[in-house]
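Dear colleague,

I am handing over the structure below, together with some notes on what was found in it. Please read the notes with the coordinates open beside you.

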Amino acid sequence: MNKKAKIVGMGIICLLMVIGASLYAVKFNDSRLVVPMEQPYEFTVKDLPMHIAVACMVLYVFYLCWLGCQKAKKDAAAHVTRRISPKLGIMGLLGFLGLLGFYTYNAEGRVAPFLFFMFFGFFGFFYEGKMSNTFMDERYMENKRRAQRKAHRIAQGIVYVTLFLVAMAEGRILKATDTKLIILVIAVACSIAVDIFLGEYLLYQYDHEE
Amino acid sequence: MPDFECRLKKYRQLKELTQEELAVMVGVRRETIMRLEKAQYNPSLKLAVDLSRAVEAPIEEIFIFPK
């Protein structure tokens with residue numbers, strides 16, 4: 001059995017252990033450690049299966065992280081870009097969660113969810129995936145520096161223009177401090193997204209331009 | 001776009017090397033050799049020297065800059 005199959009198998013076993021321990025807890029242990037408990041926690045022997053299952057799952061997650069670090073070290077030593085799938089670019093859709101900020105602001109006065117707009121930068125994974133497993137020779141490094149310089153300049157430009165417009169804004173709605181704060185938070189989040197996305201997009205374009 | 005003429009392809013073919021083989025010899029990607037041969041990339045001094053040694057031709061014969 002190859003290494004990948006073993007790792008996936010271990011994950012499935014850990015998941016089954018957690019599911020089994022949860023079913024045991026629900027059936028024989030009054031759903032302790034499954035549903036929120038009102039009293040302070042006191043250990044009983046019947047809690048052991050859940051503790052063991054969760055401990056195994058945590059160890060498995062640490063093992064995956066350690067494997068990832070080892071892989072990254074190996075790739076860095078070989079001067080090769082990391083291997084990721086272009087399909088990860090779909091995570092860029094998480095950027096739309098930033099629209100939740102309009103709801104939370106109206107309901108609770110919170111502006112933090114606007115920061116989710118920065119997840120639009122994950123669309124860059126599409127281009128990073130296309131450049132996966134690429135040898136980082138001098139031309140690659142030069143293109144990368146050029147792409148990042150341009151991306152940083154554009155992202156900074158967005159922040160500067162927004163700052164200027166917000167500071168100069170007049171009018172009943174735009175003059176309100178809250179409105180200015182929201183616009184600035186969205187602009188900074190979007191500039192971070194633009195920086196991340198453009199860095200990868202421009203690198204791909206420079207590497208493939210005729 | 002760099003402004004020079006590159007005769008790398010001629011010297012590479014004289015040595016009967018493919019782009020891939022030359023790329024491995026000097027430690028770059030095949031695409032970099034391709035761009036160099038089209039004079040679409042300005043190599044570093046080290047890369048230029050490595051290429052010169054690999055194809056056994058003087059640098060000034062491989063990369064021709066207008067006076």
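Leaving aside its neighbours within four places in sequence, which residues is Val34(A) in contact with? Before the answer, please keep in mind that this is a predicted model, and that every value in this message was computed from it.

Val34(A) is in contact with Ser22(A), Ala25(A) and Val26(A), once the neighbours within four places in sequence are set aside. The residue sits in the loop that runs between helix 1 (3–28) and helix 2 (48–77) of chain A. For one of these partners, Ser22(A), which is 12 residues away along the chain, the C-alpha atom is separated from that of Val34(A) by 6.4 Å. Val34(A) counts as partly exposed because 15 other C-beta atoms lie within 10 Å, whereas a buried residue would need 20 or more and an exposed one would have 12 or fewer.

Helix 2 of chain A comes after that loop, and its length can be checked against its geometry. Its 30 residues, at 1.5 Å a residue, should span 44 Å, and because the end C-alpha atoms are 43 Å apart, the model agrees with that expectation. This helix is hardly covered, since the count of buried residues among its 30 residues is 3. Those buried residues are Pro49(A), Met50(A) and Ala53(A), and the buried residues of helix 2 pack against helix 1 of chain A. After helix 2 comes His79(A), whose phi is positive, near 55°.

On a wider scale, the domain assignment of chain A gives domain 1 (3–77) and domain 2 (86–208), and the C-alpha centres of these two domains of chain A lie 35 Å apart.

The largest nonpolar core has 24 residues, and those with the most contacts inside it are Phe117(A), Phe120(A), Ala193(A) and Phe197(A). The elements that give two or more residues to this core are helix 4 (124–130), helix 5 (138–168) and helix 6 (177–208) of chain A, and helix 6 of chain A gives the most, with 10 residues. Ala193(A), not counting residues up to four places away in sequence, touches Gly95(A), Gly121(A) and the run Phe117(A), Met118(A), Phe119(A) and Phe120(A). There is also a second, separate core of 14 residues, which includes Val26(B), Ile33(B), Tyr41(B) and Phe63(B).

Turning to chain B, this chain has 5 helices and 2 strands, and from the N terminus on its elements run β-α-α-α-α-α-β. Its radius of gyration is 11 Å, close to the 11 Å that the globule rule gives for 67 residues, so chain B is as compact as a globular protein of that length. Along the principal axes, the C-alpha atoms of chain B fill a box of roughly 30 × 20 × 20 Å. Of the 67 residues of chain B, 28% count as buried, and among the contacts in chain B between residues at least 6 apart in sequence, 61% join residues at least 24 apart.

Finally, there is the contact between the two chains, which takes 4 residues from chain A and 8 residues from chain B. On the side of chain A that touches chain B, the classes are 1 nonpolar, no polar and 3 charged residues.

With best regards

Note on methods: Residues numbered from 1 in each chain as written. Chains lettered and ligands numbered in written order. Predicted model: local features only at pLDDT ≥ 70, side-chain atom pairs only at ≥ 80, totals over all residues. Contact = placed C-beta atoms within 7 Å. Nonpolar A, V, L, I, M, F, W, Y, C, P; charged D, E, K, R; others polar. Helix = DSSP H or I, 4+ residues; strand = E, 2+ residues; numbered from the N terminus. Rg over C-alpha atoms; globule rule 2.2 N^0.38 Å. Domains from an automatic or database assignment. Core = buried A, V, L, I, M, F, W, Y, C linked by C-beta atoms within 7 Å. Expected span 1.5 Å × (residues − 1).
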